[in-house]
Amino acid sequence: EGWLSLSHMSADISLFPFKDWMKCENRAIDEHRRELAELGHPQGPYLTRKAISRMIALTRGVVCEPEQIIIGAGTQLLVQQLMEMQNKKSIIAIEDPGYSRLYRLLNDMGFTVNPIELDNKGINIKKVESSNANFLFVTPSHQFPTGKIIPVTRRIELLNWAAGAENRYIIEDDYDSEFKYETNSIPSLQSLDRNQRVIYTGTFSKTLLPGTRISYMVLPPDLLRKYRKHYPDLMQYSNSLALFALHYFIESGAYSRHIKRMNHHYEVKRNLLIEQLRKKFNDQVCIENIPAGLHFIAQFKSVKTYDEIEACAKEGRLELYTMRRFMLKNKYKENGRIELVIGFANIDEGEIMEAVERLYWVIVFD
Ligand SMILES: Cc1ncc(COP(=O)(O)O)c(CN[C@H](CF)CCC(=O)O)c1O
């Protein structure tokens with residue numbers, strides 16, 4: 001039969017309110033004809049930046065003016081613009097396991113990038129200090145990929161680190177923070193920052209359509225001045241019709257209704273998948289139940305190597321990613337256990353049983 005997917009890399013668009021979105025696009029065409037004929041503001045339309053700044057103030061406690069928001073066609077592009085204007089001798093600390101695409105991007109830009117291991121509270125602050133880094137990339141609300149939620153105590157330590165010397169910044173990647181089951185989100189790191197050292201980034205890749213490519217970055221005032229000086233003729237690469245439509249989509253309340261609906265939809269699939277995995281694997285599986293995001297980590301007892309698991313998954317037509325994808329420097333030994341990143345956005349409720357059956361075959365049989 002066909003492939004099944006436990007990939008963490010997609011969003012479930014089966015419930016996306018396309019009619020509402022089309023209405024917003026039509027409104028954008030009616031009310032912003034002149035702007036659509038021009039290149040527009042390099043940071044993105046003011047109205048859209050205002051809608052985003054009001055939304056993240058409400059949902060994440062982020063304190064900013066629309067002027068501080070830079071809209072971009074993807075988090076990578078925004079990070080590239082931010083780091084392009086930094087001293088090449090800057091030293092970067094990044095979570096390990098962590099966002100390997102970002103690790104590669106920063107390395108390719110020529111920076112010294114130090115992968116920093118995690119402890120039970122998230123990134124190890126002692127190792128950050130000893131790494132002599134001046135840029136720290138973290139995913140505090142739902143560490144990518146382990147899912148750890150960095151407690152307030154550790155957040156304070158990170159902010160104290162940033163305030164501890166000149167030209168230190170924390171890039172807070174608040175990816176998939178919209179999806180929290182049972183608990184509410186802890187406010188952002190940026191909301192606790194009193195020294196303008198936190199650069200906040202967010203994305204609509206998981207909450208709209210991944211293909212829309214709309215992400216944003218909130219710069220502290222001094223970096224905003226530097227950004228405007230460094231990029232006098234930068235252009236906005238995101239599609240301005242989509243950006244105007246997004247403004248109406250947020251302002252009309254359609255966006256927050258969609259997030260609520262998706263939280264419930266994802267929670268149902270997540271709970272069913274965890275229940276089926278525990279039933280099928282019993283004490284062969286260990287799932288740290290962090291009620292957030294669009295994937296979770298499951299640890300399986302297995303004599304197989306990551307190579308064998310990945311090969312068996314392909315053979316079993318099961319799209320699946322292992323923790324090896326995110327190990328930057330700390331290459332974990334399998335030692336009889338392997339960790340999988342189990343996504344539930346790309347699997348229908350009715351396919352979950354079959355996916356667990358295939359996974360059992362991948363992990364247990366050789
Ligand atoms: C940690 C993290 N911060 C941001 C994004 C959003 O990036 P963008 O859509 O460009 O705004 C992702 C998205 N990650 C991708 C899809 F899940 C790929 C994962 C993989 O490479 O394993 C991410 O993991």
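Which residues line the second largest pocket nearest its centre? I started my notebook there, with a model that is predicted. Y99, R101, Y175, S205 and K206 lie nearest the centre, out of 20 residues in the lining.

**Entry 1: the second largest pocket.** I looked up its volume and got about 450 Å³. Next I checked which helices take part. α4 (75-84) and α5 (100-108) each supply at least two residues of this lining. I then sorted the lining residues by character: nine are polar, six are nonpolar and five are charged.

**Entry 2: the ligand.** I wanted to know what sits around the ligand, and found 16 residues surrounding it. H8, T75, R101, D173 and S205 are the closest. R101 and S205 caught my eye, as I had just written both down for the centre of the second largest pocket.

I went through the polar contacts one by one. R101 has a polar side-chain atom 2.6 Å from an oxygen atom of the ligand. For D173, a polar side-chain atom lies 2.5 Å from a ligand nitrogen atom. S215 comes in too: an N or O atom of its side chain is 2.8 Å from an oxygen atom of the ligand. I also looked up how much of the ligand is covered. On its own the ligand has 550 Å² of accessible area, and the protein covers 95% of that.

**Entry 3: the largest pocket.** How much space lies in the largest pocket? I noted about 630 Å³. Its lining counts 24 residues, and M55, T59, Y255, S256 and I259 are the closest to the centre.

Which element gives the most to this lining? That is α3, with seven residues. The helices that each supply at least two residues are α3 (46-60), α9 (240-251) and α10 (254-281). By character, I wrote down nine nonpolar, eight polar and seven charged residues for the lining of the largest pocket.

**Entry 4: a look along α10.** Since α10 had turned up in that lining, I followed it from end to end. α10 has 28 residues and reaches 40 Å from its first C-alpha to its last. That is close to the 40 Å expected at 1.5 Å a residue. Just after α10 comes N282, and its phi is positive, near 45°.

A reminder to myself for reading helices: residues three or four places apart point the same way, because an α-helix has 3.6 residues a turn.

**Entry 5: cavities.** How many cavities of 30 Å³ or more does the structure hold? I found three. The largest cavity has a volume of about 80 Å³. Its lining is made of I94, E95, G98, Y99, L102, F137, V138, T139, F144, I171 and D173. Strands β3 (91-96), β6 (135-138) and β7 (169-173) are the elements that give two or more residues to that lining. Seven of the lining residues are nonpolar, two are polar and two are charged.

Two names were familiar from my earlier entries. D173 lines the largest cavity and is also among the residues closest to the ligand. Y99 lines the largest cavity and also lies among the residues nearest the centre of the second largest pocket.

**Entry 6: backbone oddments.** Where does P97 sit, and what is its peptide bond like? P97 is in the loop between β3 and α5, and the bond from D96 to P97 is cis, with omega near 5°. I found another cis bond from F144 to P145, with omega near 10°. P145 belongs to the loop between β6 and α7 (152-163), and F144 was already in my list for the lining of the largest cavity.

Last stop was N132. It is not a glycine, yet its phi is positive, about 55°. I placed N132 in the loop between α6 (125-130) and β6.

Note on methods. Residues numbered from 1 in each chain as written. Predicted model: local features only at pLDDT ≥ 70, side-chain atom pairs only at ≥ 80, totals over all residues. Heavy atoms only, no water. 1 Å grid on protein atoms, 1.4 Å probe; cavity = no way out; pocket = protein on both sides within 12 Å on 5 of 7 lines; lining within 4 Å. Points joined across faces, edges and corners; volume = space filled by probe spheres on them. Helix = DSSP H or I, 4+ residues; strand = E, 2+ residues; numbered from the N terminus. Nonpolar A, V, L, I, M, F, W, Y, C, P; charged D, E, K, R; others polar. Expected span 1.5 Å × (residues − 1). Near = heavy atom within 4 Å. Polar contact = N/O pair within 3.5 Å; in protein donor to acceptor, adjacent residues only side chain to side chain. Areas by Shrake-Rupley, 256 points an atom, 1.4 Å probe, with all protein chains shown as cover.
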